[in-house]
Structures are given as structure tokens and as C-alpha cells.
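Hi,

Here is the structure I said I would pass on. Have a look at it first, and then read my notes underneath.

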Amino acid sequence: MKDIPLFTTEYGAANLILGSVPGFGTAYARILSARDGNALARECAQFCRAAGAEAVYATGLPESESWPLSTEIWRMTAQKASLPQSQAELIPVTAETLEEWAALYNRKFRAVPNAVWLSSSLGQAVLKAREAFFVRLSGRTVGIAKGAENQIHVVAALAPGGGRAAVLALARELEGPEIALEVASVNGKALALYQSLGFQQTETLSKWYKIG
Ligand SMILES: CC(C)(COP(=O)(O)OP(=O)(O)OC[C@H]1O[C@@H](n2cnc3c(N)ncnc32)[C@H](O)[C@@H]1OP(=O)(O)O)[C@@H](O)C(=O)NCCC(=O)NCCS
């Protein structure tokens, strides 16, 4: 499903992100300008629901608006040299294993706030960029990971200890000196994992409200 870069009404303008509607049932609105934030948010929600969204989230609303806060998105960083060593290995995703990786990703990220659903076309882009990996430890697949430059994009655990293995194996291959990631402030398990490895919150990137 295509995004709507500029959705305009008499109340203002927003960027509607609809790519996760088919898989996760979620749509996102980035408010660009608002004469009446509440009315614009309601119209965004109405449009997204007509496109099939079950839940709609917005960012960029004036602070005074009264929608419930869904999550903040935080940037966290750690110094690569300070991360513990791990024996875990990264196995690159290939054309043959892409479908399996994407299915695992979509299963693990369905309930993660603000996660993007991996459609088959996004999956092909991930494959082309060579950024996605299975994480192996002691002969078992324990997680999945994706990242580029100094950024961790995706980590998920498929076995106990898999989250830690995924972060450490991926960070080892990424560029230093600083490793960065984004996390939803309400994702308690992810926060606990990152904090246990020494990642610290450096910035609040956005605040998302549930609308409609
Ligand atoms: C965030 C996350 C990696 C933290 O992991 P952790 O608490 O350190 O967990 P561990 O590495 O000890 O592993 C436990 C996980 O392995 C999973 N697991 C255990 N045995 C498993 C098995 N046989 N098959 C599949 N999964 C299994 C558990 O379900 C648990 O995952 P869950 O937290 O999603 O329920 C993990 O919670 C996760 O994968 N969450 C979903 C994706 C996510 O939020 N990623 C971070 C985005 S910023």
C-alpha cells in the first residue's frame, strides 16, 4: 500500500504512512502543519481506517492536544569498544532464506510499537542492501538482526540469550566508534537488554499519540 506524502485538508497537512496496514493493521501520520490539530488528526484517522488500518498513530501534534501517548521513540548509543565480546556469528540472508527471515521478522515485530511491516518488496530491498542476518550461537539460530553503517535497525530473539547475541554480533560488524539504535520507550524488554549492555538514551526523536 502506497504512502500519501502530502494529505491536505482545511485543518492542515500530514504525511500518511500506510505501508504497515496490510500486515500489521497500523498506520502512521506525521503532522506537517495544523490549523486545528484535533480536527486534522481525526481526518487522518478516518482516511487511514478507510484504507484498512485498525490503529492509527500520529506525531507532530501540538503538545496541548488530548490524544493518549502511545510511545516515545528514543535514540540510544553505546561505544563499540565497551560492548562485551560474543561468540555469536552473523549468517547473511540470501534469496533462498529471505522468506524465512521475513516471516520471523513479521512474527516478532507484529506487537512492537511503531514497527514497520516487511512486505515482499521491502524484503527484496533488504536483500539487495545485504543488511539482514540470522544470528547463530553454538550451532543454533538464536536470533535475527539487521543494520548498516553504525546503526542497529532490527534485533529479535528466537531463543533465550538470542537478543544479546544479536546485538553483540551485529555491533561487532558495524562501523564504530559509536553504535546507535532507535527504541520505543514502552518496549520494556528491549530497553532492559540495551541498558544491560551499556546503551544510554541520548535523545527523544519523536512522540506518537494514538488517534481516532
Ligand atoms: C527485545 C528482545 C530482543 C529482548 O530479548 P531478551 O529479553 O534479552 O530475551 P532473550 O534473548 O533472553 O530471549 C527470550 C526471547 O526468546 C524467545 N524464545 C525463547 N525460546 C524460543 C523458541 N524456541 N522459539 C522462538 N523464540 C523463542 C522468547 O519468546 C523471548 O522473546 P520475546 O521477548 O519476544 O517473547 C526480545 O524481547 C524480542 O525479540 N522482542 C521482539 C522484537 C523487539 O522488540 N526487538 C527490539 C526492537 S527495538
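Below is what turned up, going from the domains to the cores, the pocket and a few single residues.

One thing to keep in mind throughout is that this is a predicted model.

**Domains**

The domain assignment splits the protein into domain 1 (4–67) and domain 2 (74–207). Taken over C-alpha atoms, the centres of domain 1 and domain 2 are 28 Å apart. Where they meet, domain 1 puts in ten residues and domain 2 puts in nine residues.

**Cores**

The largest nonpolar core has 29 residues, and the ones touching the most other members are L83, V135, I152, V183, Y194 and F199. Several elements supply at least two residues each to this core: the strands β5 (69–79), β7 (132–137), β8 (140–148), β9 (151–157) and β10 (178–184), plus the helices α5 (162–173) and α6 (188–196). The biggest giver is α5, with seven residues.

F199 is a good place to zoom in. Setting aside neighbours within four places in sequence, F199 is in contact with M76, T77, A78, L83, I152, V167, I179, L181 and Y194. There is also a second, separate core of 20 residues, with L18, C48, V56 and A58 among its members.

**The largest pocket**

Now for the empty space. The largest pocket has a volume of about 1,300 Å³. Its lining is made of 44 residues, and F109, V112, A115, H153 and E182 are the closest to the centre. Two or more lining residues come from each of β3 (26–34), α3 (98–109), α4 (120–129), β9, α5, β10, α6 and β11 (200–211). Which element has the largest share of the lining? That would be β9, with seven residues.

By residue type, the lining divides into 27 nonpolar, eleven polar and six charged residues. Both domains take part: domain 1 (4–67) and domain 2 (74–207) each give at least three residues to the lining.

**Three single residues**

S20 sits in the loop between β2 (12–17) and α1 (21–24). Is S20 buried or exposed? Its relative accessible area is 5%, so S20 is buried. Not counting neighbours within four places in sequence, S20 is in contact with G25, T26, A115, V116 and W117. A115 also appeared above, as one of the lining residues closest to the centre of the largest pocket.

A148 is in strand β8. With 18% relative accessibility, A148 counts as buried, because the cut-off for buried is under 20%. Beyond residues up to four places away in sequence, A148 touches E131, H153 and L174. H153 is another of the residues closest to the centre of the largest pocket. You can also look across to A171: A148 and A171 are 23 residues apart in sequence, and their C-alpha atoms are 9.6 Å apart in space.

G198 is in the loop between α6 and β11. Its relative accessibility is 42%, so G198 counts as partly exposed. Leaving out neighbours within four places in sequence, G198 is in contact with T77 and A78, and both T77 and A78 are on the contact list of F199 too. If you want a long view across the model, try G198 and A39: they are 159 residues apart along the chain, and their C-alpha atoms are separated by 42 Å.

Happy to go through any of this with the model open on screen.

Cheers

Terms used: Residues numbered from 1 in each chain as written. Predicted model: local features only at pLDDT ≥ 70, side-chain atom pairs only at ≥ 80, totals over all residues. Heavy atoms only, no water. Core = buried A, V, L, I, M, F, W, Y, C linked by side-chain atoms within 4.5 Å. Buried < 20%, exposed > 50% of the residue type's maximum accessible area, 1.4 Å probe, protein only. Helix = DSSP H or I, 4+ residues; strand = E, 2+ residues; numbered from the N terminus. Contact = heavy atoms within 4.5 Å. 1 Å grid on protein atoms, 1.4 Å probe; cavity = no way out; pocket = protein on both sides within 12 Å on 5 of 7 lines; lining within 4 Å. Points joined across faces, edges and corners; volume = space filled by probe spheres on them. Nonpolar A, V, L, I, M, F, W, Y, C, P; charged D, E, K, R; others polar. Domains from an automatic or database assignment.
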